[in-house]
Amino acid sequence: MSTVWSAPARLSVNYRVMQPLALTHFSLVTSLGAGQQATLAALREGRSGLQPSTFESLPLPGYVGQVRELDDFSLTGEAARFNSRNNRMAALALNEDGFRAAAVAARDRYGADRIGVFLGTSTSGMLETETVFRHLDPATGALPPRFDYAGTHNTYSIGRFVREDLGLAGPASVVSSACASTAKAFAGASRMIAAGICDAAIVGGADTLCATTVYGFQSLNVMSDEPCRPFDRDRRGISIGEAAGFALLEKPGTANRHDTVLLLGAGESSDAYHMSSPHPEGLGARLAMERALTAAGLKVGDIDYVNLHGTATLVGDAAEDRAVADLLGPATPCSSTKGCTGHTLGACGIIEAIFSALSILHGFMPGSPQTRTVDPSLKSQYLVESRRARVDRVLSNSFGFGGANCSLLLGRA
């Protein structure tokens, strides 16, 4: 006798169907490489960018997803005042996949004041402040005169840098809500476009390695001493990564190709259960997914694949699994790509939205390269190996500290 799973009757009713927006261009840089092609090859082959940590000589065991290209790259000229590791990461992503040219063309098409910039980060340029505090004036304790907090560390630093780099003059904001930051940037941009405040938007952001992040997660006892293994029976915690990515959001038009990826819905919630742990039943995660479905005007059976937040922590994976299985059922394929890149924190929303877009465009569901044995107590259909399949609609989850949750729903035009 077979059991037919049916979705719970309750869905959020306080979200309206949103206008779909086209991701007409996107770019990214992670430890897998720079640009879409390098990323696509690594995801298909199940390669990981995680390596033993040598960052800043931090005396901690573990693996990180470090972007080595940053070591020999600097911002010069008028951009020199923004020269932080985080802004350099952003610049690398702007340089990839023809993104800067596409953004400039959109500026010429709409007008500089009609394109918004909506970004996210967590620690921003924290590394720069950590560095200058090692060089305080021994007599006065003053910071080095060369230090520019507003240009290099302030949360809005990346927003100001990107806005000036692309010559834009529309509304701009930077969200810092931990690991949901760049996913929430999509939601904010969609509301601003729907309100008529701008015609298009640059969304995305960056997050980079710093001692505060590494030591902070170590103090919480959630950092693994091996490459992270999401949903594994023997998972030991996260591996930290760094990354940057951007997408150009525009209203769909006749110029969009049939293979254009659309942002169909975005759902947010704040369960505020605990400062660093999710609700054990995944209530906030489920509400974010429900709201994304409602915003897209779709049903649970319309989802082909879920890109999980999947950090490889014991309680985090269990809570998300509960939310996904209870809402979508146990047959919907899902996986976490953090075994490839590490947990890129504030950047994971944009990075994994782009991974989801690549899955739609190229017909595959990414696997989980470090996961060996899926935890038998978890109910979801977790993919260890990549799978070739037609993918039309993807839910991409990003859940941050304090219960800041955001789910994006992307689909084929």
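In this predicted model, Arg235 and Asp317 pair up through their side chains, forming a salt bridge at 3.6 Å, N to O. It's a long-range contact as far as sequence goes: the two residues are 82 apart, with Arg235 in the loop between helix H8 (211-219) and strand S8 (240-241) and Asp317 in helix H10 (residues 314-328). Both ends of the bridge, Arg235 and Asp317, are buried.

A second bridge, between Arg85 and Asp71, comes in at 3.8 Å, N to O. Arg85 belongs to helix H2 (residues 85-95), while Asp71 sits in the loop between strand S4 (63-65) and H2, so this contact ties together parts that are 14 residues apart in sequence. Its two ends fare differently with respect to solvent: Arg85 has a relative accessible area of 5%, which means it is buried, whereas Asp71, at 46%, is partly exposed.

Then there's Asp392 with Arg412, whose side chains meet in a salt bridge at 2.8 Å, N to O. Here the link runs from the loop between strand S15 (387-388) and strand S16 (393-400), where Asp392 is found, to strand S17 (residues 404-412), which holds Arg412; the partners are 20 residues apart. Asp392 is partly exposed, with a relative accessible area of 22%, and Arg412 is partly exposed too, at 23%. Shared partners also turn up: salt bridges join Asp225, Glu226, Arg229, Asp232 and Arg236 into one network. Altogether, the count comes to 23 salt bridges.

Turning to empty space, the largest pocket has a volume of about 550 Å³. It is lined by 36 residues, and the ones closest to its centre are Ser276, Pro278, Thr311, Thr313 and Gly316. Helix H10, which also carries Asp317 of the buried salt bridge, gives the largest share of the pocket lining, with 6 residues. Helix H9 (283-296) and S16 join H10 in each supplying at least two lining residues. As for chemistry, the lining of the largest pocket splits into 18 polar, 14 nonpolar and 4 charged residues.

Terms used. Residues numbered from 1 in each chain as written. Predicted model: local features only at pLDDT ≥ 70, side-chain atom pairs only at ≥ 80, totals over all residues. Heavy atoms only, no water. Salt bridge = Lys/Arg side-chain N within 4 Å of Asp/Glu carboxyl O. Helix = DSSP H or I, 4+ residues; strand = E, 2+ residues; numbered from the N terminus. Buried < 20%, exposed > 50% of the residue type's maximum accessible area, 1.4 Å probe, protein only. 1 Å grid on protein atoms, 1.4 Å probe; cavity = no way out; pocket = protein on both sides within 12 Å on 5 of 7 lines; lining within 4 Å. Points joined across faces, edges and corners; volume = space filled by probe spheres on them. Nonpolar A, V, L, I, M, F, W, Y, C, P; charged D, E, K, R; others polar.
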